[in-house]
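Subject: Structure for your review

Dear colleague,

Please find below the structure that I am handing over to you. I would be grateful if you read the notes beneath it with the model open.

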Amino acid sequence: MYSEKVMDHFANPRNVGEIENANAVGEVGNAKCGDIMKMYMDIEDNVIKDVKFKTFGCGAAIATSSMATEMVKGKTVDEALALTNKAVMEALDGLPKEKIHCSVLAEEAIHSAINDYRQRRGEAPLGSTCDGCCDRCSEDHGE
């Protein structure tokens, strides 16, 4: 059912824990299955210097969290944003169809943490369309 890589990342997850004073924290969850992922990142000069996770969920959720952190550690923010759930699944040699949502959560947790980082820096979150309703992103518009 599960590949050797999934079982390895479940039994021996990498980057588990929290980063004290992390400058990027994201949390996502899936109400249907109860999986919750929280990602912590230390980003310096636009590079993810450290990343850790805490996941409450099934083995696939833990394995995808572990693999995703391995794949973004040392990468730039833009490189991390380009990571897809498909890439996480491929790196784990696949997931059962009913567990694909776990890889989606891992991708979303990375995006959530990076959005937190962007907001802390006064930048608009990804996917948002600023309508100029506040002064928070006025520098982005040259106002």
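The notes below go from the overall layout to the sheet, the helices and then a few individual residues.

Overall layout

Please bear in mind that this is a predicted model. The protein chain has five helices and three strands. From the N terminus on, these elements follow the order α-β-β-β-α-α-α-α. Of the 143 residues in the protein chain, 43% are buried. Among the contacts with a separation of 6 or more, 58% join residues 24 or more positions apart.

The sheet

The three strands form an open sheet in the order E1-E2-E3, and their pairing is antiparallel. Strand E1 (24-30) and strand E3 (47-56) are at the edges with a single partner strand each, so one side of each has no neighbour in the sheet. From one strand to the next, the twist averages 15°. As general background, strands of a sheet pair through backbone hydrogen bonds, in either a parallel or an antiparallel sense.

Seven bridges join E1 to strand E2 (residues 35-44) in the antiparallel sense. Three positions allow you to follow this pairing in the model. Ala24 has Met41 as its bridge partner in E2, Val28 has Met37, and Gly29 stands opposite Ile36. On its other side, E2 pairs with E3 in the antiparallel sense over nine bridges. Ile36 takes part here as well, with Phe56 as its bridge partner in E3.

Both connections within the sheet are hairpins. Four residues lie between E1 and E2, and Gly34 in that turn has a positive phi of about 85°. The hairpin of E2 and E3 has two residues between the strands.

In a regular strand, side chains alternate between the two faces of the sheet. The residues of E1 divide accordingly: Ala24, Gly26, Val28 and Asn30 form a covered face, while Val25, Glu27 and Gly29 form an uncovered one.

Helices against the sheet

Which helices lie across the strands? Helix H2 (residues 59-72) lies across E2 and E3, and runs at about 175° to E3. Helix H5 (residues 100-120) lies across E1 and E2, and runs at about 145° to E1.

These two helices also pack against each other. The angle between H2 and H5 is about 40°, and their axes are 8 Å apart. An angle from 35 to 65 degrees falls outside both the roughly parallel and the roughly perpendicular ranges, and H2 and H5 are therefore oblique to each other. The crossing of H2 and H5 is right-handed. On the H2 side, the contact is made by Ala60, Ala61, Thr64, Ser65, Ala68 and Val72. On the H5 side, Cys102, Ser103, Ala106 and Ile110 take part.

Asp116

One residue of H5 deserves a separate look: Asp116. Is Asp116 buried or exposed? Its relative accessible area is 18%, which is under the 20% limit, so Asp116 counts as buried. The side chain of Asp116 reaches the backbone nitrogen of Val25 at 2.8 Å. A polar contact, also at 2.8 Å, links the side chain of Asp116 with the side chain of Arg120. Leaving aside residues up to four places away in sequence, Asp116 touches Asn23, Ala24 and Val25. Ala24 is the residue given above as the bridge partner of Met41.

Two residues with positive phi

Most residues other than glycine have a negative phi. Asp45 has a positive value, near 50°, although this residue is not a glycine. Where is Asp45 found? Asp45 lies in the loop between E2 and E3. With a relative accessible area of 76%, over the 50% limit, Asp45 is exposed.

Asp93 also has a positive phi, of about 60°, and is not a glycine. This residue is found in the loop between helix H4 (85-91) and H5.

When you open the model, I would suggest beginning with the sheet and its order E1-E2-E3, and then turning to H2 and H5, which lie across the strands. Asp116 can then be found in H5, and Asp45 in the loop between E2 and E3.

With kind regards

Terms used. Residues are numbered from 1 along each chain as its sequence is written. This is a predicted model: local features need pLDDT of at least 70, side-chain atom pairs count only at pLDDT 80 or more; totals for chains, interfaces and linings use all residues. Side-chain values use heavy atoms; hydrogens and water are left out. Two strands pair if DSSP finds at least two bridges between them. Axes are lines fitted to C-alpha atoms, for helices over the stretch in contact, and angles run from 0 to 180 degrees between N-to-C directions. Contact means heavy atoms within 4.5 Å. Buried means under 20% relative accessible area, exposed over 50%, partly exposed in between (1.4 Å probe, protein chains only). A polar contact is a pair of N or O atoms within 3.5 Å; within protein, one must be able to donate a hydrogen and the other to accept it, and residues adjacent in sequence count only if both atoms are side-chain atoms. Angles under 35 degrees count as roughly parallel, over 145 as roughly antiparallel, 65 to 115 as roughly perpendicular and the rest as oblique. A crossing is left-handed if the near helix is turned anticlockwise from the far one by less than a right angle, and right-handed if clockwise.
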